[in-house]
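Reader: I am new to reading structures and would like a close look at a single part. Please pick one strand and describe how its side chains and its partners are arranged.

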Amino acid sequence: MPTPPPTPLRGLRVIDLSSVLAGPNCARYLADFGADVIKVERPDGGDSLRRLAWRDPRDGEGLWWKLVNRNKRTIALDLKSPDDLEILRGLVVDADVLIENFRPGTLERLGLGPDELLAINPSLIVTRVTGFGQTGPYRNRPGFATIAESMSGLAAISGEPGGQPLLPAIALTDEVTGVVAAFATMVALHSGVGQVVDVSLLESLFQLMGPLISLYELTGQMQERLGSGLPYSVPRGTYQCSDGKWIGVSTSSDTVAARVLNLLGVGDDARFTTFASRMDNREALEAVMTAWCAERTQAEVMDVFTAAEAAIGPVMSMADISVDPHYAAREAIAEVDGTPMQGLIARLSATPGALRWQGRALDADGDEIRSTGWGSDIDEDERQA
């Protein structure tokens with residue numbers, strides 16, 4: 001068999017002191033592309049992600065744990081124990097990155113503040129993930145995704161007109177912040193200078209709000225709650241078809257909007273010819289779109305829109321996704337140690353990432369790490385899963 005190409009981050013050594021989602025997701029993305037990540041957990045039960053939400057019916061382990069902590073080695077250390085703290089300090093000497101998401105000040109109280117860590121290893125990148133950041137009046141507040149979603153502006157624009165503000169039905173902020181932290185960590189590594197990376201849940205999600213703060217500060221306008229709609233794109237949203245199934249439609253470019261309007265039979269209607277006029281006549285155009293879909297099955301709507309090269313997609317459940325040919329062709333669902341989960345977040349043509357093992361048992365690699373530290377730079381395919 002041909003030798004697989006090297007993973008791009010092979011040789012990068014990462015200590016993951018974080019727990020639950022955002023910080024561990026940052027470490028997961030680095031591990032997926034070849035970094036040697038040592039996941040440090042407390043001995044009394046380990047990361048609570050092992051027990052959060054859904055369990056694998058085969059072994060009782062948390063499904064979230066298996067995904068978020070894949071490709072990582074695990075060791076259990078009590079950071080209040082001088083002996084265990086010394087083991088961690090030994091790992092810091094040869095590490096490239098340390099990721100943590102304690103409340104501000106916790107790392108310092110353990111004697112592992114950035115000054116102490118950078119004294120041990122001047123080139124170390126210390127990535128700190130918190131709810132509100134290391135500075136500011138909210139820095140010591142408990143930080144969770146729900147709070148960031150409430151305070152970032154997202155909840156204020158989510159929901160039906162006149163209805164209650166809504167929160168995402170997934171851990172959106174934790175997922176986004178993991179990507180942000182991985183990106184910021186790689187930027188810091190590229191600088192070649194040991195330093196602290198300060199990432200917050202609140203600001204990671206706030207970055208997704210686009211120009212809404214510019215709009216308010218310059219004009220006093222605020223985006224209203226429009227359900228699935230957008231103020232600048234009409235029609236846009238989900239629409240039910242005659243067979244009870246739903247489709248999603250976007251018209252966020254003039255060319256696509258023209259195609260959709262022609263399909264709806266209102267291409268020459270002066271009320272809908274520009275973005276501004278469609279915004280002014282939102283209710284009328286949404287009514288046309290809703291009625292048009294209600295007269296046709298999902299398959300019929302999909303066929304007509306696809307033939308016209310208009311932007312459309314079926315509203316898909318996980319049951320639909322699990323058998324979808326595009327997801328399969330892209331290997332978006334991978335099987336790791338017998339557990340199906342998301343594949344790699346991105347595809348590199350010359351140095352792809354690799355999914356080597358799912359999240360492991362507590363302290364699975366503890367004896368090896370205590371004995372040899374980082375160990376030799378063995379080929380990743382030789383490491384026992």
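Author: Accessible areas here come from the Shrake-Rupley method with a 1.4 Å probe. On that basis the chain has an accessible surface of about 19700 Å², and 56% of this belongs to carbon and sulfur atoms. The model is a predicted one. Of its 385 residues, 42% count as buried. The chain contains 17 helices and 11 strands, and its C-alpha trace spans about 75 × 55 × 40 Å along the principal axes.

The part to look at is strand 8, which covers residues 246-249. Its side chains alternate between two faces. Ile247 and Val249 point to one face and are buried. Trp246 and Gly248 point to the other face and are not buried.

Strand 8 has a partner in strand 7, residues 237-240. The two run antiparallel and are joined by four bridges. Within this pairing, Val249 of strand 8 stands opposite Gly237. Strands 7 and 8 also form a hairpin, with five residues between them. One residue of the turn, Gly244, has a positive phi of about 85°.

Strand 8 is also paired with strand 9, residues 312-314. This pair is antiparallel too, and three bridges join it. Here the bridge partner of Val249 is Ile312. Val249, one of the buried residues of strand 8, therefore appears in both pairings, opposite Gly237 and with Ile312 as bridge partner, where strands count as paired if DSSP finds at least two bridges between them.

For the chain as a whole, residues 24 or more positions apart account for 66% of the contacts with a separation of 6 or more.

Notes. Residues are numbered from 1 along each chain as its sequence is written. This is a predicted model: local features need pLDDT of at least 70, side-chain atom pairs count only at pLDDT 80 or more; totals for chains, interfaces and linings use all residues. Side-chain values use heavy atoms; hydrogens and water are left out. Buried means under 20% relative accessible area, exposed over 50%, partly exposed in between (1.4 Å probe, protein chains only). Contact means heavy atoms within 4.5 Å.
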